[in-house]
Amino acid sequence: MNFSDTLLFASGSLRGSRSRTLLMMLAMSIGVASVVILTALGEGARRYVTGQFSSLGTNLVIVLPGRSETAGINPGMLLGQVARDLVVDDAQALLRSSAVRRVTPLAVGTAQAAHGALNREVVVAGTGADFLAIRHMDMGQGQFLPQMDFNSAMPVCVLGDKIRRELFGTQPAVGEWLHLGDRRFRVIGVLAAQGESMGMNTDDLVIVPVASAHMLFNTQALFRVLIEAKSRDMIEPAKRDTENILMQRHGGEKDVTVITQDAVLATFDRILGALTLAVGGIAAISLSVAGVLIMNVMLIAVAQRTQEIGLLKALGAPPAEIRRLFFAEAALLSMAGSVVGLVLGEIGSLAIGQMYPSLPVAAPWWAVLAAFSTALGTGILFSVMPARRAALLDPVMALARR
Amino acid sequence: MIEFSQVSRSFTVGDQQVAALRNIDLNFTAGEYVSIMGPSGSGKSTLLNLLGLLDRPSSGVYKLDGMDVTTLDDAQQAQVRREKIGFVFQFFHLVPRLSAAMNIELPMILAGIAAEERKERVSTLIKSYGLSDRADHRPDQLSGGQRQRVAIARATIMRPVVLLADEPTGNLDQTTGKEVMALLEQLVEQGVTLIMVTHDPMLGKRASRQVGMVDGEIVADTRGTK
């Protein structure tokens with residue numbers, strides 16, 4: 001019996017028992033579809049987080065004051081010293097590194113903002129002109145802070161979109177005066193609305209020059225220093241230079257923590273990758289359940305078609321041929337089920353993508369491939385026993401039954 | 001052409017050995033028309049199964065066309081069945097989901113014969129068996145006589161050297177039974193060897209050689225009284 005005849009005969013017997021075939025295909029396709037949809041969701045979550053991180057800025061290196069020690073006692077702690085403050089001159093000094101493109105200090109505090117009769121508590125960020133570029137933000141109206149020395153104060157501010165709405169309403173904000181604490185600032189620009197990213201809502205922010213913020217809060221300390229490396233490959237050198245420069249400036253003490261966005265990103269990437277695998281694995285269990293179902297139904301099919309198998313043997317089909325026929329049936333069945341499942345899975349992913357447009361839902365190619373081959377594999381694996389049983393059937397007994 | 005020497009077949013029932021055939025010596029020559037008769041349990045069906053290689057003897061040697069077929073493995077026996085033996089069953093055993101033409105084609109599909117040749121041979125045979133208008137019908141749309149004619153067509157499509165029939169008219173009424181017998185006998189006239197098992201003496205007497213069996217032994221072997 002040649003290959004195409006085997007397939008034809010097998011597909012004929014599948015068509016012969018339609019409801020059995022449809023039910024098995026359904027089981028198979030649900031398994032495949034769940035693998036596709038679940039891995040698509042996991043992959044979507046991973047890409048979502050990755051996207052969020054890169055919206056923070058690319059090639060970002062962040063300096064935090066203080067050192068997170070995990071072992072031993074810092075001698076300073078015994079003397080009652082706290083970590084040395086990070087100051088604007090530190091930030092200025094970091095520009096010496098050849099790996100660094102931009103640097104901006106960041107001082108954060110809260111202050112009472114008032115315009116006319118309206119006032120509210122706002123988060124004030126004191127920073128430099130490069131903040132906009134480093135954080136990939138866009139202006140809505142007016143200008144951002146001008147390029148100037150980190151040490152010179154200037155009574156200008158840039159508003160987040162929400163602050164503008166709440167304090168100015170429909171009035172134009174640019175050019176107006178805004179009271180922050182006991183000082184007045186001229187509004188020179190408004191940020192474009194951009195929503196939340198990584199827990200920091202820039203819509204809710206008032207940005208002033210860093211020196212002005214220091215005057216406002218009466219401190220010299222910085223909350224962060226944001227550094228943009230020249231390229232992805234320069235992130236590590238930038239981090240090293242930053243650590244060296246700050247160590248020199250702080251009397252040889254390593255009292256800052258330098259983190260790279262890459263490291264954080266890689267961690268999240270790993271966690272979410274593992275999550276995707278785990279979810280995909282759970283879905284794969286449903287696939288193997290479908291495999292067991294196929295075995296069950298194939299066994300019933302062998303019992304139901306005892307006579308036909310006996311006849312095929314009498315007509316001269318060797319045992320191997322009978323086995324091949326049942327394999328072909330299982331393979332066709334799981335193939336059809338897989339294709340239907342893949343289509344269902346893609347449709348489901350699309351539907352979820354429609355419902356949550358911010359989530360980039362798409363099954364990774366390896367999951368699609370794995371689902372397909374697992375389905376085919378289980379289908380064939382679980383048909384080994386039924387096929388064997390059919391091949392070993394005694395033709396005399398098989399034909400004796402009416 | 002068919003040589004049985006000292007062929008026995010016993011079955012284990014519970015813890016007892018039950019002999020279905022005891023030391024049978026039997027020869028058939030090509031073109032013979034043989035009926036095997038006997039009461040139920042006389043071993044005639046077992047004999048037919050052994051002849052058709054559906055079963056293996058417990059002891060003894062079976063030579064078909066001069067070849068010892070008892071020592072062949074399953075796959076080789078299947079090939080012998082495919083090429084040299086045709087079966088006609090009491091209950092037709094047609095594949096219900098296949099059309100009459102497809103049922104007739106089945107042995108050739110199993111033998112791996114090319115599709116064009118298959119179609120040609122099937123259509124010739126269908127015409128000569130008077131089934132032309134029934135070729136695309138499924139078995140459940142055929143009458144009993146038509147079903148058996150399809151089954152006979154299927155048994156002869158590979159041009160076997162021997163045709164084994166197990167109560168070929170057992171499930172048919174008198175008239176159609178006669179038609180089917182006429183068809184089988186027509187095949188004998190064309191040179192086919194026909195070995196038929198029946199318990200109907202009227203039917204058995206039509207054969208040119210009649211073998212009688214009781215309790216697994218041959219008790220009569222008469223020729224040519226027709």
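The lining of the largest pocket comprises 15 nonpolar, 11 polar and eight charged residues. The model in which this pocket appears is a predicted one. The largest pocket holds about 720 Å³ of space. It is lined by 34 residues, and A400(A), S45(B), T46(B), N49(B) and D166(B) are the closest to its centre. Both chains contribute elements to this lining. From chain A, α14 supplies at least two residues. From chain B, β1 (2–13), β2 (16–28), α1 (44–51), β6 and β7 (162–166) each do so. The helix α1(B) gives the most, with five residues.

The second largest pocket has a volume of about 480 Å³. Of its 21 lining residues, Q307(A), L94(B), V95(B), P96(B) and R97(B) are the closest to the centre. Two elements, α1 and α10 of chain A, give two or more residues to this lining. The largest share, three residues, comes from α10(A). By class, the lining of the second largest pocket is divided into seven nonpolar, seven polar and seven charged residues.

The interface between the chains was examined next. In chain A, 25 residues are in contact with 24 residues of chain B. The two chains bury about 2,100 Å² between them, and carbon and sulfur atoms account for 66% of this area. Within chain A, the residues that lose the most area to chain B are M1(A), L311(A) and L315(A). Together these three make up 26% of what the chain A side buries.

Polar pairs also cross the interface. Two salt bridges are found between chain A and chain B. E308(A) forms a salt bridge with R97(B), with the closest N and O atoms 3.1 Å apart. Seven residue pairs are in polar contact across the interface, with both residues at pLDDT 80 or more. On the side of chain A that touches chain B, α1 (3–16), α10, α11 and α14 (395–400) each supply at least two residues. Here α10(A) gives the most, with six residues. The residues on this side divide into 12 nonpolar, six polar and seven charged.

Enclosed space was considered last. Rolling a probe the size of a water molecule over the atoms shows where empty space is left. Two cavities of 30 Å³ or more are counted. The largest cavity has a volume of about 60 Å³. Its lining draws on both chains: A314(A) and L315(A) join R81(B), R82(B), I85(B), G86(B), F87(B), P107(B), R154(B), A155(B) and M158(B). In chain B, α2 (74–84), β6 (85–88) and α5 (144–156) each supply at least two residues of this lining. The strand β6(B) provides the largest share, three residues. Seven residues of the lining are nonpolar, one is polar and three are charged.

The second largest cavity has a volume of about 50 Å³. It is lined by F9(A), R305(A), E308(A), I309(A), L312(A), I322(A), L325(A), F326(A) and E329(A). In chain A, α10 (306–314) and α11 (319–355) are the elements that give two or more residues to this lining. The largest share, four residues, comes from α11(A). The lining of the second largest cavity has six nonpolar residues, no polar ones and three charged ones. E308(A) thus appears in this lining and in the salt bridge with R97(B). L315(A) lines the largest cavity and is among the chain A residues that lose the most area to chain B.

Note on methods
Residues are numbered from 1 along each chain as its sequence is written. Chains are lettered from A and ligands numbered from 1 in the order in which they are written. This is a predicted model: local features need pLDDT of at least 70, side-chain atom pairs count only at pLDDT 80 or more; totals for chains, interfaces and linings use all residues. Side-chain values use heavy atoms; hydrogens and water are left out. On a 1 Å grid over the protein atoms alone, a cavity is a set of points where a 1.4 Å probe fits but cannot get out, and a pocket is an open set with protein on both sides within 12 Å along at least five of seven lines; lining residues have an atom within 4 Å of a point. Grid points are joined across faces, edges and corners, and a volume is the space filled by probe spheres set on the points. Ala, Val, Leu, Ile, Met, Phe, Trp, Tyr, Cys and Pro count as nonpolar, Asp, Glu, Lys and Arg as charged, and the others, Gly among them, as polar. Contact means heavy atoms within 4.5 Å. Buried area is the accessible area (1.4 Å probe) that two parts lose on being put together, summed over both. A salt bridge is a side-chain nitrogen of Lys or Arg within 4 Å of a carboxyl oxygen of Asp or Glu. A polar contact is a pair of N or O atoms within 3.5 Å; within protein, one must be able to donate a hydrogen and the other to accept it, and residues adjacent in sequence count only if both atoms are side-chain atoms.
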